[in-house]
Structures are given as C-alpha cells and as structure tokens.
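Please read the points below alongside the coordinates, and check each of them against the model before it is used further.

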Amino acid sequence: MSRWRKGLSGWLLRRLPRQHELVLGQSRIYLLPTPFGWTLLLVALAVWLGALNYAVSLAYVLAFWIVSLMLVAVWQAYRQLAGLAVHCAAVPPVFAGSVATFPLQLSWSSPEARRLQAGWLNEEALPVVTQSGELALSLPAVRRGQLAMPPLQIFSEAPFGLIRAFAYVRLQAEACVYPQPLPDEQPARYLPAAAGQHGRMQAGGELFSHLASWRPEQGVRRIAWKVYARQGKLVARQFAEPAAAHGTRLLDWAMFPDAMAVEERLSRLCWQLLEVGRSGDACLLRLPQQELMLAAAEVLPGLRALSLFGVRDAS
C-alpha cells in the first residue's frame, strides 16, 4: 500500500466508531479512480485538448464518451457496496498461540448480483464475495486477554475496473484468548471434605449393595436362595465399594514458587483447570483478590478469569 493510501486510511479510521452492525450507505462509501481509470481520464483530457486545437468533432465525441463511461462506472461501483450489512457473530474463545476465527456476516437487502472483496485492512489478497453469507476471517492469537477485531476493508472495482468503491469498517467484536496450557505435574490438592460426607458407590468390591434380577452370565453363586425360597423369584446379590471421596479440588495462585512468572503461573493453572474439567470434580480457583467456586465440569468461568487476570480494560 502506498504512503498516500496509508495516510488516507488512517485519517478515515480515526473518524470511525466501533459498531456492532453497520449498513453501508452514502456516508460510508468512498469512490476513487483506479490506476487504469486515471489513465483513461488522462486520455480523455488529451483527446479533448486535441479537439480544441484541431476542431475535430469525432475527438469531442470520444472524449465525452470516455467521461460518460467513467460516470457509469462510478454508479456501478457504488451499487456493489450500497446496502451491504456487515455484522460479526459470536467469536469462539481460543488458547494463546492458536488462531482466532471471526465469523463475518455479509448480506444485502436486494438479490442483485454483487462482486466485492473483504478482509483485514492492509492485506493485499482478500477473498471475493459474490452473495450473502458468512466469511470466516482468521487472526493469530499471540497473547491471552481480549483480542479486538481489527479494522476491515471492503472494496469493489466491478464491473469495469475503472472506479474503486471502498469502505472501512470497525466492528465491536472480541475473541477471548485463554492462557496457553502448560503441563504441571504437582499432586492434586483438595479442600477438606465436610463432616459426614461419603463417596459415591461404584460397582465391584465386597460390600453388599442391593438385589437385582438374576442373569445367567452371573452364575448360580450370586443367586439369593433365601429370597427364592420365600418369593419364588431368581434375584442376584450385587456388591459395590465406596468410590474415593475427594473434596473440592483446590487451584491456588500461591501453590507455585514466588519466582515463577505471571504468565507461566497462569498457563499452569489453565492446564490444571482443564484437567479438573475432564475429571468432573468441583473446583475452587483462588487468584489474588478473586475466588471462584466452580461446579463439576464447569471450567469456562475459570478460564475467562485466567484470561482477563491483570487486564485493566477488557472491553
């Protein structure tokens, strides 16, 4: 991009607020000739000057025809963008070091055929859009926190390639970037179990649990013969043992050495929180000036807290 175009785009972006949705109209669409359009205008000017000097009527016709073609190109290029509604759907969260995907929704109120290009500002190769639909734009998520959606550029040079109709768009959309999980081999820590709390029972073991209908594959040794003698029904004795009764899993900021960097500490807590989610246990996440009690397999609030830790302005 030339220095002149960068200066123009910077001036335009400073005037644009962030919006959740935008419909392009006259106040947001800009029109400039393309390099080929500028060349054609110079040709029209040269032909017109020649017609003035030599009084050639056909030269006047050619010059005015070129100008008329440019005016038609202005109208046609404007119609490619006019009425375009731009909206970004919910952005799925990602982990640091991966790629965030912004689902951009493009739609027109009229069914006319369109041809435009849309993508991040200052990118050269942009995908072509010809109909309403979703356009997925990718952006590297380098660090944790809130990844704001960068400015967009939308332009079209259709149908003649003489006029470039363009617009800059700033949408209010963010991707929540979680810390990059870093394996941590510390032993699991649990809060003390409440008095009288028992673990759930699991199949197998030596403790009698209940009676159930007898199946042949269980063998005759499992049959409760006393019940059969009284009621005439074949039932089998079931045995179980209590599952390990852990308390609520504790993830504490202070469980790491004081010299450990903040980002590494958050990454290790993130890995442990994901492990808690896979185990299905409840969890207490203890951060400086914040504590979160998470129900079984509920890790999203904890991941978001880790993502926004120390971020002054998350919006």
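The note below covers the basis of the model, two groups of strands and the cysteines.

1. This is a predicted model, in which local features need pLDDT of at least 70 and side-chain atom pairs count only at pLDDT 80 or more, while totals for chains, interfaces and linings use all residues. Residues are numbered from 1 along each chain as its sequence is written, and side-chain values use heavy atoms, with hydrogens and water left out.

2. An open, antiparallel sheet of four strands (E runs of at least two residues in DSSP, numbered from the N terminus; two strands pair if DSSP finds at least two bridges between them) has the order S1-S3-S5-S8. Strands S1 (21–23) and S8 (133–140) stand at the edges with a single partner strand each, so one side of each is left without a neighbour in the sheet.

3. Within that sheet, four bridges pair strand S3 (residues 85–88) with strand S5 (residues 99–107) in the antiparallel sense, and Val86 has Leu106 in S5 as its bridge partner.

4. Strand S11 (residues 163–169) is largely enclosed by the rest of the structure, because seven of its seven residues are buried (under 20% relative accessible area, 1.4 Å probe, protein chains only). Strand S2 (residues 30–33) pairs with S11 in the antiparallel sense over four bridges, whereas five bridges join S11 to the antiparallel strand S10 (residues 152–156). S10 and S11 form a hairpin with six residues between them, and Gly161 in the turn has a positive phi of about 75°.

5. The count of disulfides (pairs of cysteine sulfur atoms within 2.5 Å) comes to zero. Cys270 is buried at a relative accessible area of 0%, and Cys283 also counts as buried, at 1%.

Notes
Buried means under 20% relative accessible area, exposed over 50%, partly exposed in between (1.4 Å probe, protein chains only).
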